[in-house]
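Here are my notes on the model you sent, set out as numbered points. Please read them with the structure open beside you.

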Amino acid sequence: MALSRGTLIALAAVAAVAAAALLGCGGPSGTPPSFAAQWDEGAARVGKIDHPEGLGIGKLGELLVVDTWNDRILRAEGDGSITGVFGEYGSDPGKLQCPRSVAIDRRGSVYVVDTWNHRVQKFSKDGDFLMTFGGKGSPWGYDEADGKFLFPYGVAVDSEGYIYVSDFNNNRLEKFGPNGKFVMKWGTEGRQDGQFRHPAGLAIDSTDRLYVADLGNNRIQRFTTDGDFDGKWGEEGTDPRQFDRPYDVCVDAEDDFYVVDFGNHRIQKFSPGGKLLWVYGERGRGDGELDCPISVAVGEDGAIYVSDWGNNRIQKLAAPSSS
C-alpha cells in the first residue's frame, strides 16, 4: 500500500530526530550533579579568597586554587581545608601578578600562568620555584616573537611533559618542551577552524588531544598535540550546547569534557564525541547556584569543583549517579 504524503513527511521527521540524537543534537542524556559544599571568603577553612579563578587536581586528589586577586596558589583538601599556600605579589621568580590558570603534570609539578607578568612559572608539588618561561613581547600584540606572550591565560601539560599555553591577546596557542623551550605555535585571529578570538582555558584528554575554550567565538575547539584541528562544539546563545563566553574546559577520567559557560551561569558536560550529557546551574547566590563561573575541575572520584567567581567562592558538586 502506498504511503500518503503526510505519512512520508512524518516518517522523515522521525528519522531526522533519530539522526540528530546520534549526532549529539538531542536533549541531555545524563544525570546532573548535586550540590555538596561551598567555601567562600569568610570560611575559616579556605581563608580569605579573592576572586578565585583556575582550578586543578593533583595526583593525590588535592585541589589547587588560583586565588587570583591575592596573587597566590592555595592547596586544599576536598573539604576545603588548606594544606599549603605559595606565591605573593611581585615580578621576581616565584612571585605572581594576577595568575589565571594552573596545571599539574604526572610528576606533580605545578605550572602557573602568571598573566600580568606575561609568563608561566613551574613549581614543585610543595610550591618551591623551579623555572620560568615566556615574557612580554610587543605591547600591542599580534606580532609577538616565538615563546613570548601578551596576557597568557590557560595552560595544560600532555603525557610527554610538553606544555601548552593560550596566548590570550595574541589569539594563538604556543607549545613548549618540558625544559620550557619554545617548540611551535598555531592560530590567528578569526572564526575559521583553527583560528581564535581570545583563547582561554585548556585541557588535555587521555589520548593527548587538546581542548581549547575559544572564548570570543563561544565554542570549544579540539586539536592534536601537533596543532591539527580535530573538532569544534558550540556557538553563541543561551540554549543547551550554546555558550556565552566559555572561559574554561576540563576533561575527566572518561574523557568527557566540561565547559564553564560564564555568561549563562552554568556548567555543561559533553561526551568525547560532543553529545550533551547534562546542564547544571543558574544565576544566584544560593547553594548550587552560580554567578559567572570561571573554572572547573573534576576529581577521580567524580566530584566537580567550580570557581564561582561572581560569588567569590568555590563550590563542590557531588558526582552524579549516572552520566
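1. Glu53 is buried in this predicted model, because its relative accessible area is 3%, and under 20% counts as buried. The residue belongs to strand S2, which covers residues 52–57. The side chain of Glu53 is joined to that of Tyr153 by a polar contact of 3.3 Å. Leaving aside residues up to four places away in sequence, Glu53 touches Val66, Thr68, Arg100, Tyr153, Ile294, Ser295, Ser307 and Trp309, so when you inspect this acidic side chain in the viewer, those are the residues to display around it.

2. Two of the residues that touch Glu53, namely Tyr153 and Trp309, return in an aromatic cluster, which is formed by Trp69, Tyr153, Phe168, Tyr247, Phe262 and Trp309. Over the whole structure, a search finds 21 aromatic pairs. One of them is Phe262 with Trp309, whose ring centres are 6.4 Å apart and whose planes stand at 50°, so that the pair is classed as tilted. Phe262 sits in the loop between strand S19 (257–261) and strand S20 (266–270), while Trp309 sits in the loop between strand S23 (304–308) and strand S24 (313–318), and the pair therefore ties together parts that are 47 residues apart in sequence.

3. Are the two partners of this pair, Phe262 and Trp309, buried or partly exposed? Phe262 has a relative accessible area of 9% and is buried, whereas Trp309, with a relative accessible area of 21%, is partly exposed. The value for Trp309 should be read with the cut-off in mind, because a residue counts as buried under 20%.

4. An aromatic ring also takes part in a contact of another kind, in which Lys175 lies over the face of Tyr162, at 4.8 Å from the ring centre.

5. The loop between strand S13 (182–186) and strand S14 (199–204) holds Phe196, and His198 is placed in the loop between S13 and S14 as well. Phe196 counts as buried, because its relative accessibility is 0%, whereas His198 is partly exposed, with a relative accessible area of 28%. The C-alpha atom of Phe196 is separated by 9.1 Å from that of Gln221, a residue 25 positions apart from it along the chain.

6. Which backbone angle deserves a second look at His198? His198 has a positive phi of about 65°, although it is not a glycine. Arg241 likewise is not a glycine and has a positive phi, of about 75°. Arg241 is found in the loop between strand S17 (229–233) and strand S18 (246–251), and its relative accessible area of 23% makes it partly exposed.

7. For the chain as a whole, there are one helix and 24 strands. Of the 323 residues in the chain, 55% are buried. Among the contacts in the chain with a separation of 6 or more, 45% are between residues 24 or more positions apart. The chain exposes about 14,000 Å², and 50% of that area is supplied by carbon and sulfur atoms.

Note on methods:
Residues numbered from 1 in each chain as written. Predicted model: local features only at pLDDT ≥ 70, side-chain atom pairs only at ≥ 80, totals over all residues. Heavy atoms only, no water. Helix = DSSP H or I, 4+ residues; strand = E, 2+ residues; numbered from the N terminus. Buried < 20%, exposed > 50% of the residue type's maximum accessible area, 1.4 Å probe, protein only. Polar contact = N/O pair within 3.5 Å; in protein donor to acceptor, adjacent residues only side chain to side chain. Contact = heavy atoms within 4.5 Å. Areas by Shrake-Rupley, 256 points an atom, 1.4 Å probe, with all protein chains shown as cover. Phe/Tyr/Trp six-rings, centres within 6.5 Å; stacked < 30°, edge-to-face > 60°. Lys NZ or Arg CZ within 6 Å of the ring centre and 35° of its normal.
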